[in-house]
Amino acid sequence: MSPIAYIAAIVALTVILFVSNKLPVVLVAMITALALWASGVLTIEQALGGFGDPAVIFIASLFVISAGLEITGVTAWAGQLLIRGAGKESRTRLLVLTMGLVALLTALISVNGAVAALLPVVVVIAVRLKRFSSQLLMPLVFAAHAGSKLALTGSPVNVLVSDAGYDAGVGAFGFFEFGLVGLPLLAGTMAIIILFGRHLLPERNGAAMPADFSRHAKTLVEQYGLESGIHQMRVRATSAYVGAPASSIDLSGAANLQLVAVQDGETGGPLHRAAIAEGDYVLMRGDNDAVARLAADMHLAFREKTGTSSGEDMLFNRRSGLAEVVIPPRSGLIGRKVFPGMVTESGDLIVLAVQRGGNQIGDAEGGGGRSGGTTLQAGDTMLLQGTWKALDVHLDDPDVLVVSSPELVRRQAVPMGPGAWQAIVVLIAMVLLLATGIVPPAVAGLLAAGAMILAGIMTVEQTYRAIGWTTVILVGAMMPLSTAMVETGAAKLMAEQLVDLVGDAGPVALLAGLFVMTAVLGQLISGPVALRAGLFVMTAVLGQLISNTATALIIIPIGVAAATTMGVSPRPVLMSTSVAAAAAFLTPIATPTNLMVMGPGGYAFSDYWKLGLPLLMWFFVVSVFVVPLIWRF
């Protein structure tokens, strides 16, 4: 067999395996790369060379940036702004704000990151406003597809297209150059969804709606009886407590007072120093008058909780949080004695309260105080308080079962947490580097990811977990297919055949049953316009069945070769391919984000094309008629 015949067979097998969904996409991609080597089409260095490509490294770094923004609560802050701005009555305002926000985030951190960050927020909005989640989640994803064309960082396809332009000798696309086509795409998408979405989308909710953690702290504080009488007092320089060990604070003689904890003034966690210093905090529970007398006697700055009658603001904030844990059977903690205010063995967490059977265990039950303590049994629950880092690290313990992950709670309920401003600065710096072109995109991404680690926003282990390895491996393994198509002449041959089909006779309506409009346009347009129409249909249809990134890797070399054969600039052809790759609306398997909302939105397979078809038509119009007005042949 000739190399071109091998290429044809490998491409056909790859598409069949992608569509059948019998094997994981990363395995299909690796089979493709190895098949190119085994057939002798590429050397082993060429077949595996995609994993070292700068575009792959840049895509991986975007996952780290996205995770950093989410971990620090930047996305939670954006979500809260959305809730406040949307209101309760206006469907249009809610959709406009939701789609605008996800489009903006997508432009900066990619489709997957933006949708993953805002998905729980939008579901919570649906729950709070008593709206069907199906009316909000598909618009969220489809607006993200349109938003991916606002900037270079919006999609891996953008990076691939820009690199292809550079390799073709017509220059890479600028960072914000994609926005010239992205803005009309987004505007049309929003208009179609607002005008027709209510009728084209089902009215359903997902079978399992995620929990709303926005009032998590208040719920825990009320459940454990801490909603009243909690006070946090700062130790003054003249206080008798200064220089004394924390264990010296004895409130046994004070009526209606209970010491909860002594906190480090800098970290908000349990005091690790041998002596109390000015600025540390004494957290106690008791009668207001009794606490006021103690504050006066011991020179403590009296700080009542703010805003409400509950103490959640003192226990749950940017620095520290709460976690509820259950003692499972066979736990090593069974038989241990604990008491409110006790510091755990790690030294980083404080036991605030203990319950058994949903009831508070106190002195009346025989030992809730410091003197006796409570002997833990299987099924007991404890409320723990500490810094967010301590909760993340020390609750990964088989001796306890965490009711709600502190990390999930923090991401949803703590906007603009520690490191938020550093993360925003890192993001802005990366965008400036990309926009000015001072360094290559891969370098800008690596610098930003490294800054996230150096700033303490993320650990190295968190960066490993943040990277979407499926996407990285898919792109790295599929890139050699483009190389093989160019080197063997397969791309040129397919381009020549495509040009012959769409030449003077106009565009051929590829898969006309799925896109009838193409056949109509075929009688009216010809030449380069027909080339774009044919490429759009090929890319868009493939994009409904397999990954749009994989589709772009297959179509890009064909488009460049076809443009060269016709003697026109590849730039509009590449941009048209990029737009078509984003038009993944018709099936849930077209993109990971389409599939991501299927469960929470309660969607069926057939729900996607109803709203997706008019959007696909709009993308076709922009791809064929708007693109050449901006990027001339």
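Q: What makes E5 and strand E11 (residues 401-402) a pair?
A: E5 and strand E11 are joined in the antiparallel sense over two bridges. Two strands pair if DSSP finds at least two bridges between them, so the two bridges of E5 and E11 satisfy the rule. In this pairing, valine 325 stands opposite valine 402 in E11.

Q: How do you know what the values rest on?
A: The model is predicted, so local features need pLDDT of at least 70 and side-chain atom pairs count only at pLDDT 80 or more, while totals for chains, interfaces and linings use all residues. Residues are numbered from 1 along each chain as its sequence is written, and side-chain values use heavy atoms, with hydrogens and water left out.

Q: Which other strand pairs with E5, and over how many bridges?
A: Strand E10 (residues 381-387) runs antiparallel to E5, with seven bridges between them. Here valine 325 stands opposite methionine 382 in E10.

Q: Why is strand E5 (residues 320-326) called largely enclosed?
A: Buried means under 20% relative accessible area (exposed is over 50%, partly exposed in between; 1.4 Å probe, protein chains only). Six of the seven residues of E5 are buried, so the rest of the structure largely encloses this strand.

Q: Why are E2 and E4 said to stand at the edges?
A: The open sheet has four strands in the order E2-E3-E1-E4, with antiparallel pairing. Strand E2 (257-263) and strand E4 (300-301) each have a single partner strand, so one side of each has no neighbour in the sheet. E2 is joined to strand E3 (residues 281-286) by six bridges, and glutamine 258 stands opposite arginine 285 in E3.

Q: Is aspartate 380 buried or exposed?
A: Aspartate 380 has a relative accessible area of 1%, so it counts as buried. Its place is the loop between strand E9 (374-375) and E10.

Q: What makes the pair of aspartate 380 and arginine 356 a polar contact?
A: A polar contact is a pair of N or O atoms within 3.5 Å; within protein, one must be able to donate a hydrogen and the other to accept it, and residues adjacent in sequence count only if both atoms are side-chain atoms. The side chains of aspartate 380 and arginine 356 are joined at 2.8 Å, so the distance falls within the cut-off. A polar atom of the aspartate 380 side chain also lies 2.8 Å from the backbone nitrogen of glutamine 377.

Q: Which residues does aspartate 380 touch?
A: Contact means heavy atoms within 4.5 Å. Leaving out residues up to four places away in sequence, aspartate 380 touches residues including Val325, Val326 and Arg356.

Q: Why is isoleucine 44 called partly exposed?
A: Its relative accessible area is 33%, so isoleucine 44 lies between the limits for buried and exposed. Isoleucine 44 is in helix H3 (residues 44-47); helices (H or I) are DSSP runs of at least four residues and strands (E) of at least two, numbered from the N terminus.

Q: How do you know that asparagine 594 is buried or exposed?
A: At 0% relative accessibility, asparagine 594 counts as buried. This residue is in helix H25 (residues 592-596). Its C-alpha atom is 9.7 Å from that of valine 115, although the two are 479 residues apart along the chain.

Q: How many helices and strands does the protein have?
A: The protein has 27 helices and eleven strands. Of its 633 residues, 55% are buried.
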